[in-house]
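Subject: Structure handover

Hello,

Please find the structure below, with the sequence. My notes come after it.

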Amino acid sequence: MVDHSIVGSSDWRTELPVLTARAVTLREPTAQDLGPLVDLLSIADATRFGLDDPVTDMAVQRLIERVAHERSAGLAFTYAITGGPARTIVGLLQVRQLDPGFEVAEWECTLAPSARGSGIFVEAARLAGSFTFSTVGARRLEARVLLQNGRGNGALKKLGAVQEGILRRSVRRGGAYLDQVLWSILKDDWGDHWVSTAPRVH
């Protein structure tokens with residue numbers, strides 16, 4: 001049983017802890033991840049994490065540097081999602097504050113097509129959500145998902161998120177403006193999704 005009222009002792013602003021579950025490991029992206037991240041973020045429907053077109057080595061290198069700076073400033077944290085025996089990168093997940101106290105945050109995630117429908121998203125989300133609510137201290141997480149992304153919207157519903165509305169033409173992809181679904185989940189609603197994100201002793 002996890003005590004969800006205790007804020008973790010690790011200072012995530014100094015060093016983002018590695019989070020591990022059965023099928024995935026979450027860790028902060030590093031310069032060595034440049035190639036896999038370029039491939040991941042070049043997928044047509046990938047979340048852009050603030051990147052402008054096109055996705056180049058230089059742009060992704062700046063992203064890697066930016067996420068480390070934002071984490072040290074306490075503004076956001078970003079995890080590379082790795083899976084399989086080789087722990088290859090199969091996704092990227094970011095949680096960003098929406099208020100100065102990080103009580104309200106927004107998360108976004110992108111997965112490689114090979115990892116979709118495998119359960120990896122739910123496992124990674126349980127780790128990241130539990131870390132956000134317990135260690136970081138957020139009380140509300142929001143997500144914005146393209147209306148036509150049935151798999152992504154279904155996964156958030158499975159996590160217990162509540163659909164709050166449709167954001168009409170709220171994001172541009174290529175030359176088109178698309179609708180997004182606004183989802184929220186509260187710390188009090190996290191329920192059975194809690195997992196321990198305490199450091200593991202080997």
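The notes below cover the salt bridges, two backbone angles and the main pocket.

This is a predicted model, in which local features need pLDDT of at least 70 and side-chain atom pairs count only at pLDDT 80 or more, while totals for chains, interfaces and linings use all residues. Residues are numbered from 1 along each chain as its sequence is written, and side-chain values use heavy atoms, with hydrogens and water left out.

Salt bridges

The whole structure holds twelve salt bridges (a side-chain nitrogen of Lys or Arg within 4 Å of a carboxyl oxygen of Asp or Glu). E106, R140, E142, R144 and E164 are linked in a network of them. Within this network, E106 pairs with R144, with 3.2 Å between the closest N and O atoms. E106 belongs to strand 5 and R144 to strand 6, so this pair ties together parts 38 residues apart in sequence (strands are DSSP runs of E, at least two residues, and helices are runs of H or I, at least four, numbered from the N terminus). Both are partly exposed, E106 at 21% relative accessible area and R144 at 30% (buried is under 20%, exposed over 50%, partly exposed in between, with a 1.4 Å probe and protein chains only).

R140 and E164 also form a salt bridge, at 2.9 Å from N to O. It links R140 in strand 6 to E164 in strand 7, 24 residues apart. R140 is buried at 15%, whereas E164 is partly exposed at 43%.

Another salt bridge joins R27 and D33, at 2.8 Å from N to O. R27 is partly exposed at 24% and D33 is buried at 6%.

Backbone angles

Two residues that are not glycine have a positive phi: R87, at about 55°, and F102, at about 60°. R87 sits in the loop between strand 3 (76-83) and strand 4 and is partly exposed at 33%. F102 is in the loop between strand 4 and strand 5 and is buried at 2%.

Largest pocket

The largest pocket has about 1,200 Å³ of space (on a 1 Å grid over the protein atoms alone, a pocket is an open set of points where a 1.4 Å probe fits, with protein on both sides within 12 Å along at least five of seven lines; lining residues have an atom within 4 Å of a point). The volume is the space filled by probe spheres set on the points, which are joined across faces, edges and corners. Its lining has 43 residues, with D45, T47, C109, T110 and N149 nearest the centre.

Regards
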